[in-house]
Amino acid sequence: MSQDHFLKNQFLVAMPGMQDETFNHTVSLLCEHNDKGAVALVINRPTDLALSAMLEQMGLSHDGIGDDPPIYWGGPVQPERGFVVHREPGGWESCLHVQDDLYITTSRDILSAIGNGRGPRDYLVTLGYAGWSAGQLEDEILHNSWLNTPVNGDVLFALPPRERWQAATRLLGVDVTQLTGAAGHA
């Protein structure tokens, strides 16, 4: 497969017919896709864990976070591993520039900065990720499990999690309210 066919920096939108309940009605940020496989973070499944509780467990201050955002379930692989999806570069230790103003950081320093009110303004924190082996994601796309669309910052950071799947499908030009059983899922 040539580089042109890789889908980095896209949303993967689970279609209503997705057979795998784990990913039913999810929107994932595709971070990496190459001949070895793919990695994505689910961005619309908040957990019951709040950021303040996670920071406290890590021994970090959480006085500067204001609203107490949820931690998101990023996927089933390495659920103990954290990722911060954010805008604005910040010189963090382990930071991947995804596109334009979108970054993913995995180092503790960004969490410390967020907890102290000095982190990026727009961010979300996930635990775990979704992974596909070589050719697996392509096969799932061919079987209509996923569609892809360019990343949209408003869907990622401005909308409540429950609205992200429908908003991502609208980016594809699809009105999911017209699809059987699709309305109202998150």
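Which helix and strands do the buried residues of helix 2 pack against? In this predicted model, they pack against helix 1 (51-57), strand 6 (77-86), strand 8 (102-105) and strand 9 (123-133).

Let's stay with helix 2 for a moment. This helix covers residues 108-115, and its buried residues are I110, L111, A113, I114 and G115. Some background helps here: an α-helix has 3.6 residues a turn, so residues three or four places apart point the same way. After helix 2 comes G117, and the phi of G117 is positive, near 80°.

Here are the partners of those buried residues, laid out for easy lookup alongside the structure.

| Partner of helix 2 | Residues |
|---|---|
| helix 1 | 51-57 |
| strand 6 | 77-86 |
| strand 8 | 102-105 |
| strand 9 | 123-133 |

Now for the whole chain. The protein chain has 5 helices and 10 strands. Its radius of gyration is 16 Å, close to the 16 Å that the globule rule gives for 186 residues, so the chain is as compact as a globular protein of that length. Along the principal axes, the C-alpha atoms fill a box of roughly 45 × 35 × 25 Å.

Of the 186 residues, 44% count as buried. Among contacts between residues at least 6 apart in sequence, 62% join residues at least 24 apart.

Finally, a look at the surface and the charges. The accessible surface of the protein chain comes to about 9,200 Å², and carbon and sulfur atoms account for 48% of that surface. The chain carries 11 positive and 23 negative charges, and the mean positions of these two sets are 3 Å apart.

Key:
Residues are numbered from 1 along each chain as its sequence is written. This is a predicted model: local features need pLDDT of at least 70, side-chain atom pairs count only at pLDDT 80 or more; totals for chains, interfaces and linings use all residues. Side-chain values use heavy atoms; hydrogens and water are left out. Helices (H or I, at least four residues) and strands (E, at least two) are DSSP runs, numbered from the N terminus. The radius of gyration is taken over C-alpha atoms; the globule rule is 2.2 Å times the number of residues to the power 0.38. Buried means under 20% relative accessible area, exposed over 50%, partly exposed in between (1.4 Å probe, protein chains only). Contact means heavy atoms within 4.5 Å. Accessible areas come from the Shrake-Rupley method with a 1.4 Å probe; for residues, only the protein chains shown count as cover. Lys and Arg count as positive and Asp and Glu as negative; His and the chain ends are not counted. The place of a charge is taken as NZ of Lys, CZ of Arg, CG of Asp or CD of Glu.
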